[in-house]
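Here are a few short exercises on nonpolar packing and cysteines. Try each one yourself before reading the solution.

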Amino acid sequence: MSETSGVGQLLRRHAVLAILVFIHGAVAWWLSSYHPVNIGDDKAGILVKSFATKIPQMIFLVLFGRLLYLTYVLRVDDRIGHLKNDVRAFLTDRERMVCGVIGVLLMAGTLVAFAQIKNLLPQLNPFSWDVTFMKLDRLLHFGVLPHEYLHALFGSDYGISLFTGLYNIWLFMMYFSLVAACFLRPDSALRMQFLIAFVLTWAIGGNLVAILFSSAGPVYYALLGLGDAYAGLMARLGQHAATGALSVVDTQSLLWNIHGHPMGMNGISAFPSMHVASTMLMTLFAFRLSRHAGYVAIGFLASIMLGSVLLAWHYAVDGYVGAAIAMGCWTVSGWLARSRLNGPGAADPSA
């Protein structure tokens, strides 16, 4: 096979993924042409910088994990030598590296398109569903708002700080899972399933559903003039922040302050919870890689689900729907990943 035909085959394996990313980007461009809000080069640069600063941490985590595996599982004598061989084999696998770069570029396009559309949300559909979601939360949880249960169990200063810390590492975990998927074997249907599911989840859940059911979340309920249903929750978070412990209060205030500025990045959108949706994707992906990794991912998913309510970011229904959207997109992406459009090797379900 010639080099040109080899590259062509690699590109064809990404056909479905590339089409979905192109559609997402085209919609973002089309919507932006009718509205003056644009994330701009500097705002897009923030996304790139956020990712780039985490690359050294990802590399360290992979190398450290591999070293532990060689030491305590395989129990090899020359651990460093084996590790060097593993790194050399990975870096010299041309097909894997090319496909990994293609995947990363496509995922970057998805995140930029998502950010652009999310920035338009206040103009496309101002927040109007918060009261409905508050009432639905109360209805589903036997007449009690779910944060009341959670603060009875985890509402200590230590508990709130713990969930804040776990919530804060979500972005790193998402980037790590995304890069790991990009650099799996190019003929892996699992790789393509995760990447397609990622695009669908952020486009459908993070953009389309978020616009249709626009809401700000419990933290901004009173600021929207909707009442004091969450006054107790916000007072408790304020008390916790006053202790100097790890807190979300400053971040929540910052997001509200920049909300609605013409050239600012809109960071407020509660329904559905993309923290929960993306973590559900990570969990489904982790279980396909390793049962033990799947169990760890379930624990992280539970902490994100509980933390989203405990820290006032989301109504509980935001998380329920986010998880359901992710599972639906995962199922659809499994069909698409094995489509003939992805070329030879698309039916290989292994990693």
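Contact here means heavy atoms within 4.5 Å. Keep in mind that this is a predicted model.

**Exercise 1.** Find out which residues leucine 195 is in contact with, leaving aside its neighbours within four places in sequence.

*Solution.* Apply the cut-off around the leucine 195 atoms, and you get Leu17, Met107, Leu178, Ala181 and Cys182. Next, zoom out to the largest nonpolar core, which has 77 residues. Leu195 is among the members that touch the most others there, along with Leu17, Met107 and Phe194. Helix H12 (residues 189–212) supplies the largest share of this core, 13 residues. There's also a second, separate core of five residues, including Phe163, Val309, Leu310 and Ala316.

**Exercise 2.** Decide whether tryptophan 29 is buried or exposed, and work out which nonpolar surface patch it helps to make.

*Solution.* Start with the threshold: exposed means over 50% relative accessible area. Tryptophan 29 comes out at 64%, so it is exposed. Its place in the fold is helix H2 (residues 15–32). Now for the patch: Trp29 joins Ile19, Phe22, Ile23, Val27, Trp30 and Tyr34 in a nonpolar surface of about 860 Å².

**Exercise 3.** Classify cysteine 182 and cysteine 329 as buried or exposed, then count the disulfides.

*Solution.* Buried means under 20% relative accessible area. Cysteine 182 has 1%, so it is buried. Cysteine 329 has 6%, so it is buried too. For the count, look for cysteine sulfur atoms within 2.5 Å: the tally is zero disulfides.

Technical notes: Residues numbered from 1 in each chain as written. Predicted model: local features only at pLDDT ≥ 70, side-chain atom pairs only at ≥ 80, totals over all residues. Heavy atoms only, no water. Core = buried A, V, L, I, M, F, W, Y, C linked by side-chain atoms within 4.5 Å. Buried < 20%, exposed > 50% of the residue type's maximum accessible area, 1.4 Å probe, protein only. Helix = DSSP H or I, 4+ residues; strand = E, 2+ residues; numbered from the N terminus. Patch = residues over 30% accessible without salt bridge, like charges linked within 9 Å, V, L, I, M, F, W, Y side chains within 5 Å. Areas by Shrake-Rupley, 256 points an atom, 1.4 Å probe, with all protein chains shown as cover. Salt bridge = Lys/Arg side-chain N within 4 Å of Asp/Glu carboxyl O.
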